[in-house]
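Please open the model in your viewer and keep the sequence panel beside it, since this tour moves from one selection to the next.

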Amino acid sequence: MYFYSEGTRDNINFRENEKTSIYGNSLPPADKQAYHDFIKALMIKLVETYGEEQVLKWRFRVGSEIETPDHWFGTKQDFIEHFANTESAVRAILPNAKVGLHTRNPGFLYKNGTILNYKGEPYASFIDDLIEYNDANNIKCDFWGLSDYIIIDNSALRDINGKYTKNFEPLINNPKWNPETTIDIMEYSTVTTMKGTDGKGYITCETSHREIVELIFSNTFYKNKDNGLEFIYRWGNRTGSENPDGIKELDAMQGLVRYETSISGNPNTSTNELDAIFAKNEAKDEYDVLIYNYNSSSIVYKTNETVEISFSTDLPVGTKLYYRSKSYGKENNKLQNFLINNPNYVMNGFDSKGAPDRTLTEAGYTAYQNYENPNPHQFTEWKSIATKARNDGKSGSEVVMSTEIGSFAFEKFEFRPKLILLKPLLQQLILGLLLMIFLLGLQLKME
């Protein structure tokens with residue numbers, strides 16, 4: 001392959017500086033048939049090594065943010081043909097393998113079109129042409145990935161409710177879109193900046209703002225699951241890493257049936273966006289409610305909001321339920337509590353909302369690591385509440401209660417029947433009795 005001089009273009013050959021990118025080889029295969037045969041051989045080897053059942057659980061992604069030069073130096077047409085070539089090679093060995101791709105978001109234009117590829121074309125979104133080509137050539141794309149980094153000080157990027165219209169509808173509403181294709185956010189993080197002053201890339205946001213951003217984004221995916229929205233992959237979230245506190249509470253609701261929520265009334269602060277994620281254990285009378293208070297217009301903390309929670313049950317009126325709750329807001333955030341008395345530890349040029357290992361001085365980070373959060377969030381003691389008659393005249397009953405939720409905060413409620421609560425008590429009593437019997441036997445043996 002011939003490489004043209006860097007900084008020039010003949011609209012035929014790649015340039016010298018495109019031989020290798022920061023990611024390695026970002027060029028289309030020079031020999032498409034050899035590449036096709038290689039992928040087939042790779043799939044055969046994977047099946048031989050790990051077994052077909054295991055390999056079918058994997059997802060084979062072609063490309064990563066492919067409209068970005070360092071990820072892909074080729075043209076749109078180069079990639080379309082590359083995806084088709086890869087997809088057919090994989091399915092030649094495993095017809096039901098999961099094959100997908102990862103593009104930039106709809107309407108993407110790299111550096112306003114000022115950077116041109118080897119054929120003189122700007123690096124712009126491949127989405128529409130990919131969808132149409134796949135449809136016309138019966139090429140199946142099982143999953144479609146996008147990226148989303150939310151810079152916490154950018155109100156446009158914080159507009160989570162608007163993301164569906166901006167990022168997902170252009171795919172789903174394309175008349176050639178395959179409705180069996182799921183949509184994922186394959187790179188995601190809530191950050192203070194994409195370019196830290198230390199030159200080490202983006203810096204994650206560590207204040208309570210992040211918790212609520214990630215809860216409302218998760219809720220957006222839950223609400224649009226029927227439209228194909230499926231997974232959000234947080235960048236850096238790997239085996240052994242720890243989820244943010246809000247996501248931990250959401251994870252505890254896995255396996256429950258989610259119900260739609262409705263909102264009535266107006267918040268005291270007109271720009272506050274309150275919502276809830278509600279789920280039930282269908283086999284038991286167990287209910288989880290996770291409410292949050294978000295604001296895409298401003299990250300300044302506002303006055304607390306009073307919220308009335310109500311949900312219907314099949315239980316008779318007057319049934320006693322037990323509940324506990326866990327609140328999380330700025331007053332529970334370790335970093336925000338630490339900085340109340342230690343603001344001078346933040347290095348010049350860094351945002352105090354950022355990850356402490358990047359934003360604090362060496363002495364400050366050591367102090368932060370040794371700092372014990374004086375107000376960690378935790379569940380309250382169990383309380384009881386009686387169900388009331390439904391206000392719509394239907395059978396069953398409803399639970400009605402009020403709470404107050406802070407700005408950029410969440411509160412998790414768990415409602416349980418009395419029987420569920422007695423089980424741990426019975427277990428403790430049994431263990432206590434066994435211990436007494438053991439000690440008594442020990443005493444008798446000693447005598």
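**A tour of salt bridges and one helix**

Begin by selecting R390 and D392, whose side chains meet in a salt bridge with 2.8 Å from N to O; keep in mind as you look that this is a predicted model. D392 is partly exposed, with a relative accessible area of 40%.

Next, select E249, E286, D288, R324, K326, K412, E414 and R416 together, which are joined into one network by salt bridges that share partners. The structure holds 27 salt bridges, and two others deserve a stop.

Select K32 and E81, whose side chains form a salt bridge at 2.5 Å from N to O. Because K32 lies in helix 1 (residues 32–50) and E81 in helix 3 (residues 76–93), the pair ties together parts that are 49 residues apart in sequence. Both partners are partly exposed, K32 with a relative accessible area of 45% and E81 with 30%.

Now move to R234 and E214, which form a salt bridge whose closest N and O atoms are 3.2 Å apart. R234 belongs to strand 8 and E214 to helix 6, so this pair ties together parts that are 20 residues apart in sequence. Is each partner buried or exposed? R234 counts as buried at 18% relative accessibility, and E214 counts as buried at 3%.

Finally, select helix 5 (residues 160–172), whose 13 residues reach 18 Å from the first C-alpha to the last. Within helix 5, colour I160, K163, Y164, N167, F168, L171 and I172, which are buried. The buried residues of helix 5 pack against several elements, among them helix 6 (208–223) and strand 8 (229–234).

Definitions and conventions:
Residues are numbered from 1 along each chain as its sequence is written. This is a predicted model: local features need pLDDT of at least 70, side-chain atom pairs count only at pLDDT 80 or more; totals for chains, interfaces and linings use all residues. Side-chain values use heavy atoms; hydrogens and water are left out. Helices (H or I, at least four residues) and strands (E, at least two) are DSSP runs, numbered from the N terminus. The expected span of a helix is 1.5 Å times one less than its number of residues. Buried means under 20% relative accessible area, exposed over 50%, partly exposed in between (1.4 Å probe, protein chains only). Contact means heavy atoms within 4.5 Å. A salt bridge is a side-chain nitrogen of Lys or Arg within 4 Å of a carboxyl oxygen of Asp or Glu.
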